[in-house]
Amino acid sequence: MSLILSPSMMCADFSNLKLEVEKLNNAGVDMYHMDVMDGRYVPNFALGPEDYQTIRSLTKKPMDAHLMIENPRAYIKFFSDLGADIIYFCPDAEKQPARTIDDIHALGKKAGIAVNTGTSFTTVQELLPNADYVLVMTVHPGFAGQPFQAFVMPKLDQFIAAKEKYEFVLGIDGAVSREKINQLHRKGVDNFILGTSALFNKSVSYQETIAQIRKE
Ligand code: DX5
Ligand code: ZN
């Protein structure tokens, strides 16, 4: 089972983004996680189109777009044109989430659903046959550096079980620590969004951290 390590770029050091991406590329990360917020769906803003274009120009690795915005369907093409390979949206932000998945596929991109802390498994279950990626939020969406919301663990178990039936890549996003990666990769989670808990603002290099995680 794959171990996908995806740095959450809103946590990066933007005083030297070029060097940050070079270091992350060299450290062997698998994909870049790009948080997008509109100040309405969540009370915060994160990465913008210029950040996206800059990082896109610095790496050939896949990039996602984690849309924590209202009316995400209206912006699917915008992020596809910016170079997103995977586009996550929050199903509860859409009246017809199944159509949003179709729109993402029509652009030749991978469709992801981001399941917020307050969204149940049954609410999104019917989307699973067409979703390529599922991201179970382990913090309330909108900010880095928040505490892990352990109450979502039974729901995560439901997605781990559902993975047996459908072919989606299962990830978690929020307060992902090295211990959590170790524990949950064994249980069946594939993709780990690395933010301030596991990767950034540490005295250890990205190279060292990624190597340690892959060794464990
Ligand atoms: C929060 C974002 C996460 C966050 C992860 O809404 O979706 O990607 O930046 O950062 P940590 O790991 O610090 O929670
Ligand atoms: Zn995110």
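## His-66 and its surroundings

His-66 is placed in strand E3. In this predicted model, the residue has a relative accessibility of 0% and therefore counts as buried, the cut-off for that class being under 20%.

Leaving aside residues up to four places away in sequence, His-66 touches His-33, Met-34, Asp-35, Val-36, Tyr-88, Ala-114, Leu-135, Met-137 and Asp-173. With one of these neighbours, Asp-35, there is also a polar contact between side chains, at 2.9 Å.

## The zinc site

His-66 takes part in binding the zinc ion (ligand 2) through ND1. The other protein donors are His-33, through NE2, and Asp-35 and Asp-173, each through OD. These donors lie 2.1 to 2.3 Å from the ion. Along the chain, the donors of the zinc ion follow the spacing H-x1-D-x30-H-x106-D. Within this set, His-66 and Asp-173 link distant parts of the chain: His-66 belongs to strand E3 (residues 64-68), Asp-173 belongs to strand E7 (residues 169-173), and 107 residues separate the pair. Asp-173 counts as buried because its relative accessibility is 7%.

Six donor atoms surround the zinc ion (ligand 2), and the angles they subtend run from 72 to 172 degrees, so the arrangement is octahedral. That assignment applies because six donors count as octahedral if opposite donors are over 155 degrees apart and all others between 65 and 115. For six octahedral donors, the ideal angles at a metal are 90 or 180 degrees.

## Overall fold

The protein contains eight helices and eight strands. Its C-alpha trace spans about 45 × 35 × 30 Å along the principal axes. The radius of gyration is 16 Å, which agrees with the value near 17 Å that a compact globule of 216 residues would have.

Among contacts with a separation of 6 or more, 63% are between residues 24 or more positions apart. The link between His-66 and Asp-173 through the zinc ion likewise joins distant parts of the chain.

## Burial and surface

Of the 216 residues in the protein, 54% are buried. Both His-66, at 0% relative accessibility, and Asp-173, at 7%, count as buried. The accessible surface of the protein comes to about 9600 Å², and carbon and sulfur atoms contribute 50% of that area.

Key:
Residues numbered from 1 in each chain as written. Chains lettered and ligands numbered in written order. Predicted model: local features only at pLDDT ≥ 70, side-chain atom pairs only at ≥ 80, totals over all residues. Heavy atoms only, no water. Donors = N, O, S within 2.8 Å, 3.2 Å for Na, K, Ca; no water. Tetrahedral: all angles 85-135°; square planar, octahedral: opposite > 155°, others 65-115°. Helix = DSSP H or I, 4+ residues; strand = E, 2+ residues; numbered from the N terminus. Buried < 20%, exposed > 50% of the residue type's maximum accessible area, 1.4 Å probe, protein only. Rg over C-alpha atoms; globule rule 2.2 N^0.38 Å. Contact = heavy atoms within 4.5 Å. Areas by Shrake-Rupley, 256 points an atom, 1.4 Å probe, with all protein chains shown as cover. Polar contact = N/O pair within 3.5 Å; in protein donor to acceptor, adjacent residues only side chain to side chain.
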